[in-house]
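User: I am new to this structure and would like to learn how to read its pockets and its packed helices. Could you take me through them?

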Amino acid sequence: MLKKSKVVQRITELGIVAVVRGNTVAEGIRISKACAKGGIPAIEVTYTVPGATEVIKALKEEKNMIVGAGTVLDATTARIAILAGAEFIVSPAFDEETAKLCNLYQVPYMPGCMTITEMTKAMEYGSEIIKLFPGSAFGPSFVKAVKAPLPQVNIMPTGGVSLENMEEWFANGVVAVGAGGKLASGTDEEIIATAQSFVEKIKEIRAKMK
């Protein structure tokens, strides 16, 4: 298992996490593997997937994948996911007990926050990346506004991220994006192609920003 700092560094380097939902364990595994083949090895398996724990266990057998758990609402679920091999924990909202547990086991915790008050509290509890959720409700300009008083905050928007608006998100200061929807649906070939498009777009954006 990668150390906490290494996981955060790797996600920041990649600039994207694939948010995987599915109706079965097999579907969750299939979508995740296709995303990785397309160049996105950072996978957030959401706990809305029936048998999400089994998906995490199966994916941990794959080399070079960073597997995390998403839609984690409480510390009990976080511990189950970590025991299954999850290397990062993502929540739709900040939860103190989950933050403490993740700190105890040195696993990155990325809570969903909407306000500066929530973000500063999450950072006080050790969160190194804050998930802006739902991103579609705020838009990229919100990130720039937040980073004026909080330049040290690392933000990863999820929800409302697309190939079309990704450049705007990065231009406003996000360290990575979470993408589900179109990225994590379709045939293997479609998912691989979409993942490759996202990866190429990030390379292009970062080359421009240098």
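Analyst: What follows covers one pocket and two helix pairs in this model, which is predicted.

User: How is empty space found, and how much space lies in the largest pocket?

Analyst: Rolling a probe the size of a water molecule over the atoms shows where empty space is left. Here the largest pocket holds about 270 Å³ of space. Its lining is made of 19 residues, and Val161, Ala179, Gly180, Gly181 and Lys182 are the closest to its centre. Two or more lining residues come from each of β8 (177-179) and α9 (188-209).

User: Which classes of residue make up the lining of the largest pocket?

Analyst: The lining divides into 9 polar, 7 nonpolar and 3 charged residues.

User: How do I describe two packed helices?

Analyst: Use the angle between their axes and the distance between the axes. For α4 (residues 75-84) and α5 (residues 96-104), the axes come within 8 Å and cross at roughly 30 degrees. An angle under 35 degrees counts as roughly parallel, so α4 is roughly parallel to α5. On the α4 side, Ala75, Ala78, Arg79 and Ile82 make the contact, and on the α5 side Glu97, Thr98 and Leu101 do. The crossing is right-handed.

User: At what angle do the axes of α2 and α3 cross?

Analyst: The axes of α2 (residues 25-37) and α3 (residues 52-59) cross at roughly 40 degrees and come within 9 Å. These helices are therefore oblique to each other. Their contact joins Val25, Gly28, Ile29, Ser32 and Lys33 of α2 with Glu54, Val55, Ala58 and Leu59 of α3. By class, the contact has 5 nonpolar, 2 polar and 2 charged residues.

Conventions. Residues numbered from 1 in each chain as written. Predicted model: local features only at pLDDT ≥ 70, side-chain atom pairs only at ≥ 80, totals over all residues. Heavy atoms only, no water. 1 Å grid on protein atoms, 1.4 Å probe; cavity = no way out; pocket = protein on both sides within 12 Å on 5 of 7 lines; lining within 4 Å. Points joined across faces, edges and corners; volume = space filled by probe spheres on them. Helix = DSSP H or I, 4+ residues; strand = E, 2+ residues; numbered from the N terminus. Nonpolar A, V, L, I, M, F, W, Y, C, P; charged D, E, K, R; others polar. Axes fitted to C-alpha atoms, helices over the stretch in contact; angles between N-to-C directions. Parallel < 35°, antiparallel > 145°, perpendicular 65-115°, else oblique. Left-handed = near helix turned anticlockwise from the far one by under 90°. Contact = heavy atoms within 4.5 Å.
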